[in-house]
Amino acid sequence: MKRIAATTATALTLTTTANAFISPQPQPAFTVMSSSASGQRQGPLQMGLFDGMKEAFSAPPSMSLDSERETPIDRWMGWNVKSEETQKVAAAPENFVDAMDESNYVSTSLSKPMGIVFEENDEESGGIFVISLSEDGAAEKDGTVKPGDQLVAVNEIKVSGMAFDDALGCIVDATTEKTKLTFFRGTEKQLYGPTGASKEWLDEFIASTSSNVKA
């Protein structure tokens with residue numbers, strides 16, 4: 001019995017010593033305990049060190065990037081480039097009037113006195129516009145000119161952007177029986193602002209409309 005006990009003790013000692021030199025098994029970085037539908041606890045779900053990181057740092061579905069800024073990790077994270085279809089196109093301002101659309105211009109030929117009262121725009125843009133019409137005057141009877149119209153040409157002369165005295169002087173100095181006036185039916189900002197007519201377009205437009213002016 002003593003020999004058997006000694007042998008058993010020696011075996012246990014060798015087994016303990018061997019286990020001390022065996023590398024331990026790697027433990028999972030995360031252990032998640034889940035429960036079944038019945039409420040009974042099931043075995044642990046082992047997750048890698050980086051599992052769940054993508055979800056933690058993923059952008060919301062609405063987030064998107066410009067194509068120039070996208071990187072491979074952006075695509076991995078789901079930070080996708082905006083498609084052309086989903087990009088919002090800036091809408092035109094409300095009540096926008098295109099100053100390079102001929103349909104937004106009106107012309108009429110009037111005898112003097114015309115019965116039009118003009119006012120000067122801001123000094124920055126120049127030009128003059130119709131502030132009112134004289135009662136029973138030639139312009140009121142004609143019915144073409146409306147208050148707010150921007151004067152752009154007198155006969156074949158472009159007056160848009162001119163100082164008040166210079167623009168009005170073109171009407172006074174006109175020698176034709178009737179003087180043709182061309183107006184832009186819009187605001188000062190719409191004619192002279194960032195979305196206004198270019199100088200080249202306006203020159204070409206006035207040239208095309210003045211060809212029928214009688215000398």
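A salt bridge is a side-chain nitrogen of Lys or Arg within 4 Å of a carboxyl oxygen of Asp or Glu. With that in hand, welcome to this predicted model. R185 and D149 fit the description, as their side chains meet with N and O 2.7 Å apart. Across the whole structure, a search finds three salt bridges and four aromatic pairs. There is also a negative surface patch to look at.

**Salt bridges**

- Side chains of opposite charge can pair when their charged atoms come close.
- The bridge between R185 and D149 has an N to O distance of 2.7 Å. This pair links distant parts of the chain, 36 residues apart: R185 sits in the loop between β8 and α6 (188-192), while D149 sits in the loop between α4 (138-142) and β6 (150-154).
- The two partners can be compared with the cut-offs for burial. R185 has a relative accessible area of 32%, so this residue is partly exposed. D149 is buried because its relative accessibility is 2%, and buried means under 20%.
- K158 and D203 form another salt bridge, again listed at 2.7 Å from N to O. Here strand β7 (residues 157-158) supplies K158 and helix α7 supplies D203, so to speak, with their positions 45 residues apart in the chain.
- K158 is partly exposed at 24% relative accessible area, and D203 is partly exposed at 29%.
- D203 also forms a salt bridge with K199, where the closest N and O atoms are 3.1 Å apart. Because D203 and K199 are four residues apart in helix α7, about one helical turn separates them.
- K199 counts as exposed, with 55% relative accessibility. Through shared partners, salt bridges join K158, K199 and D203 into one network.

**Aromatic rings**

- Which residues do ring pairs link into a cluster? They are Y105, F184, W201 and F205.
- A search of the whole structure finds four aromatic pairs. One of them is Y105 with F184: the ring centres are 5.2 Å apart and the planes are at 50°, so the pair is tilted. An angle over 60 degrees would count as edge-to-face, and one under 30 as stacked.
- Y105 belongs to strand β3 (residues 105-110) and F184 to strand β8 (residues 179-184), so this pair links distant parts of the chain, 79 residues apart.
- Are these two rings' residues buried or exposed? Y105 is buried, with a relative accessible area of 8%, and F184 is buried too, at 0%.
- Y105 forms a tilted pair with F205 as well, at 4.7 Å from centre to centre and 50° between the planes. Because Y105 lies in strand β3 and F205 in helix α7 (residues 199-209), the pair ties together parts that are 100 residues apart in sequence.
- F205 has 6% relative accessibility and counts as buried.

**Negative surface patch**

- Which residues form the negative surface patch? The patch is made of E119, E120, D122, E123, E124, D165 and D166.
- Strand β4 (116-120) and helix α5 (164-172) are the elements that each give two or more residues to this patch.
- E120, which lies in strand β4, is partly exposed, with 35% relative accessibility.

Note on methods. Residues numbered from 1 in each chain as written. Predicted model: local features only at pLDDT ≥ 70, side-chain atom pairs only at ≥ 80, totals over all residues. Heavy atoms only, no water. Phe/Tyr/Trp six-rings, centres within 6.5 Å; stacked < 30°, edge-to-face > 60°. Buried < 20%, exposed > 50% of the residue type's maximum accessible area, 1.4 Å probe, protein only. Patch = residues over 30% accessible without salt bridge, like charges linked within 9 Å, V, L, I, M, F, W, Y side chains within 5 Å. Areas by Shrake-Rupley, 256 points an atom, 1.4 Å probe, with all protein chains shown as cover. Lys, Arg positive; Asp, Glu negative; His and termini not counted. Charge placed at Lys NZ, Arg CZ, Asp CG, Glu CD.
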